[in-house]
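Work through these three exercises with the model open. Each task is followed by a stepwise solution.

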Amino acid sequence: MAKNKVIISCAITGSIHTPSMSPHLPVTAEQIASSALEAADAGAAIVHLHARNPEDGRPDQSPEAFEPFLRVIKQSSNVVVNLTTGGSPYMAVEERVRPAAKWRPEVASLNMGSMNFGLFPMLKRYKEFKHAWEPAMLEGSHDLVFRNSFKDIRYALETLNATGARYEFECYDTSHLYNLHYFFTEGLVQAPLFIQTCFGLLGGIGAHPDDVMHMKRTADRLFGNSYRWSVLGAGRNQMPVAAMAASMGGHVRVGLEDSLWVGAGQLATSNATQVHQVRKIIEGLGLEAATADDAREILSLKGGDRVGF
């Protein structure tokens, strides 16, 4: 096992932030590929990928939208590719799973429970939008339940287990850990589980240090040595939560999907900027950033030669 190695995942674009919020948010396939490769060069072992419509930046979960950047990343880097099955909270699970089913990545994300998903507070911060879909999407989250029922999760697992993909299990609250434990005891998921505890999104658990400790203690009790722990903090919580987890033996996720910022009032000009910043924290703790091959060993991945792109 690669000891003292911290896996940095970088979530390149996501589906929550909209193009009007930052000129640095990657939207086109070229921008997504180039931003992912920069993040890998900066020290990210894993890149977590969504696709967007190149014209207006809205989330696009068609497998074809992923193809251009997947091929460029694969040809240019050894980085581990993690494809979203979250897509957008407004999409049904069948649509969300299609890219990972077709492209058979080493890792696919998987949300572990239904939740309120409140993005509407961002309407207070941003008043002008380039595209009509942006404020409509944010406003709609007043009445949005991001559906991830047991049936949905089982569908995703039964579809993707056959591809040999492993999962980034996204857990936004305590119940999501228990949901994952159910699927673990049923034998539908295998150790080592890669558990991404997510903090600071309205509708999920907060980002107070007590919240971080609570999720870690619960996961320890439920999964013992059968899991690898990683964290993401939304918005301004990104670096404090990462620092706390790294100091406790965890892995970290950064990226413009989770936060557009690199400091108070300072937009991150790239995903690589955040990777460099979290890497300083990790190295300041006497740890080192894991390579892509370290991550493959730590998470027991199938290898970059067994993907479908």
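**Exercise 1.** Decide whether Glu170 is buried or exposed in this predicted model, then describe its surroundings.

Solution.
- Step 1. Take the relative accessible area of Glu170, which is 3%.
- Step 2. Buried means under 20%. Glu170 is therefore buried.
- Step 3. Place Glu170 in the fold: it belongs to strand β8, residues 166-171.
- Step 4. Look for a polar partner. The side chains of Glu170 and Tyr172 make a polar contact at 3.2 Å.
- Step 5. List the contacts beyond four places in sequence. Glu170 touches His48, Ser109, Leu110, Asn111, Met112, His176, Gln196, Cys198 and Arg253.

**Exercise 2.** Describe how helices α9 and α10 cross, and which residues meet.

Solution.
- Step 1. Locate the helices: α9 spans residues 238-247 and α10 spans residues 271-284.
- Step 2. Two packed helices are described by the angle and the distance between their axes. Here the axes come within 10 Å and cross at roughly 35°.
- Step 3. Assign the hand. The crossing of α9 and α10 is right-handed.
- Step 4. Name the residues. From α9 come Gln238, Met239, Ala242, Ala243 and Ala246; they meet Gln274, Gln277, Val278, Ile281 and Ile282 of α10.
- Step 5. Sort the residues of this contact: seven are nonpolar, three polar and none charged.

**Exercise 3.** Is Met122 buried or exposed, and which residues is it in contact with?

Solution.
- Step 1. Met122 lies in helix α4, residues 122-125.
- Step 2. Its relative accessible area is 13%, so Met122 is buried.
- Step 3. Outside four places in sequence, Met122 contacts Ile16, His17, Met21 and Leu138.
- Step 4. Check Met21. Met122 and Met21 are 101 residues apart in sequence, with C-alpha atoms 9.4 Å apart.

Technical notes: Residues numbered from 1 in each chain as written. Predicted model: local features only at pLDDT ≥ 70, side-chain atom pairs only at ≥ 80, totals over all residues. Heavy atoms only, no water. Helix = DSSP H or I, 4+ residues; strand = E, 2+ residues; numbered from the N terminus. Buried < 20%, exposed > 50% of the residue type's maximum accessible area, 1.4 Å probe, protein only. Polar contact = N/O pair within 3.5 Å; in protein donor to acceptor, adjacent residues only side chain to side chain. Contact = heavy atoms within 4.5 Å. Axes fitted to C-alpha atoms, helices over the stretch in contact; angles between N-to-C directions. Left-handed = near helix turned anticlockwise from the far one by under 90°. Nonpolar A, V, L, I, M, F, W, Y, C, P; charged D, E, K, R; others polar.
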